[in-house]
Amino acid sequence: MRWLTLYARSRQVPTSLAAVVISAVTVWALARDDSGVPGDPRLPVLVLATGAMAASIGLSGQDLALDRTAAIRWVPRRAAHVLLCGAVVGTVLLTVQAMGEDMATTAFVVRDSAGLMGLVALGAALSGGQYAWTLPFAWLSVSFFAPPPTSAPMQVASWLLLPPGTAAGTWTALVLAVAGTAAYAVAGPRR
């Protein structure tokens with residue numbers, strides 16, 4: 001059990017979890033004033049993206065050379081870390097949502113948290129843990145300012161805001177989750 005505590009501290013899990021909870025509670029408080037349009041997906045997407053970006057700091061350790069020389073198999077641990085982070089980010093939003101304001105369906109939260117954590121993991125594999133947040137931030141920015149999704153490429157670009165059950169949104173999130181988790185699990189964070 002001691003190794004799990006040390007692992008969590010080295011990956012800054014307590015700080016990331018605090019940031020996830022604070023962002024979810026803040027958005028929940030903003031959603032309570034009824035200023036948004038009912039069913040508007042931007043607030044829950046903002047919570048999920050903020051949570052995924054906060055969790056991204058834990059995708060690289062204090063010393064990459066030390067991580068690479070460890071006598072343990074990193075592939076399953078890295079994959080579990082990404083999947084657990086996605087589950088925590090989604091669970092925090094669903095928990096805060098259960099306290100009052102219904103912001104998104106469970107299917108929407110699961111799809112978007114999985115896709116966003118895949119983006120974070122892909123960002124860590126491509127540019128390191130310290131810059132892993134850039135891919136979800138960029139995709140979130142594109143989604144918020146993109147024109148209405150009328151074509152297939154625009155639906156892929158704005159998958160974060162599409163209703164649950166939309167084929168383009170579901171497949172995009174699934175591909176990002178699988179590709180990002182696999183790339184990070186196999187390659188680890190970039191130096």
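Trp 139 is partly exposed, with 22% relative accessible area, where partly exposed denotes the range between buried (under 20%) and exposed (over 50%), evaluated with a 1.4 Å probe on protein chains only. The model is a predicted one, in which local features require pLDDT of at least 70 and side-chain atom pairs count only at pLDDT 80 or more, whereas totals for chains, interfaces and linings use all residues. Residues are numbered from 1 along each chain as its sequence is written, and side-chain values use heavy atoms, with hydrogens and water left out.

The protein contains nine helices and zero strands; helices (H or I, at least four residues) and strands (E, at least two) are DSSP runs numbered from the N terminus. Buried residues constitute 42% of the 191 residues. The accessible surface amounts to about 9900 Å², and carbon and sulfur atoms contribute 70% of this area; the areas come from the Shrake-Rupley method with a 1.4 Å probe, and for residues only the protein chains shown count as cover. Among contacts (heavy atoms within 4.5 Å) with a separation of 6 or more, 74% involve residues 24 or more positions apart.

Helix α3 comprises residues 42-55, 14 in number, and spans 20 Å from its first C-alpha to its last, close to the 20 Å expected at 1.5 Å a residue. The expected span is defined as 1.5 Å times one less than the number of residues. Ten of the 14 residues of α3 are buried, so the helix is largely enclosed by the rest of the structure. The buried set consists of Pro 44, Val 45, Val 47, Leu 48, Ala 49, Gly 51, Ala 52, Met 53, Ala 54 and Ala 55. Their cover includes α2 (13-31), α5 (74-98), α6 (106-127) and α7 (134-145). One residue of α2, Ser 23, is buried at 12% relative accessibility. When residues up to four places away in sequence are not counted, Ser 23 touches Val 47 and Thr 50.

The largest nonpolar core has 37 residues, of which Leu 116, Met 117 and Trp 159 touch the most other members. Such a core is a set of buried Ala, Val, Leu, Ile, Met, Phe, Trp, Tyr and Cys residues joined through side-chain atoms within 4.5 Å. Helices α2, α3, α5, α6 and α9 each supply at least two residues of this core. Beyond its neighbours within four places in sequence, Leu 116 is in contact with Leu 48, Ala 49, Ala 52, Pro 136, Trp 159 and Leu 160. In soluble globular proteins, nonpolar side chains tend to be buried together.

Two aromatic pairs were identified, the criterion being that rings of Phe, Tyr and Trp (its six-membered ring) have centres within 6.5 Å; planes under 30 degrees apart count as stacked, over 60 as edge-to-face and the rest as tilted. Trp 133 and Phe 137 form an edge-to-face pair, at 5.9 Å centre to centre and with 70° between the planes. Trp 133 is partly exposed at 36% relative accessible area, and Phe 137 is likewise partly exposed at 42%. The rings of Trp 139 and Trp 159 have centres 6.3 Å apart and planes at 80°, so this pair is also edge-to-face. Because Trp 139 lies in helix α7 and Trp 159 in the loop between α8 (152-157) and α9 (167-187), the pair ties together parts that are 20 residues apart in sequence. Trp 159 is buried, with 0% relative accessibility.

One salt bridge is present, defined as a side-chain nitrogen of Lys or Arg within 4 Å of a carboxyl oxygen of Asp or Glu. The bridge joins Arg 111 to Asp 112, with the closest N and O atoms 2.9 Å apart. Arg 111 is buried at 7% relative accessible area, and Asp 112 is buried at 0%. Asp 112 belongs to helix α6 and, leaving aside neighbours within four places in sequence, is in contact with Val 45, Leu 48, Trp 159 and Leu 160.

Ala 125 is also located in helix α6 and is buried, with a relative accessible area of 16%. Apart from residues up to four places away in sequence, Ala 125 touches Ala 183, Tyr 184, Gly 188 and Arg 190. The C-alpha atoms of Ala 125 and Leu 59 are 9.2 Å apart in space, the two residues being 66 apart in sequence.
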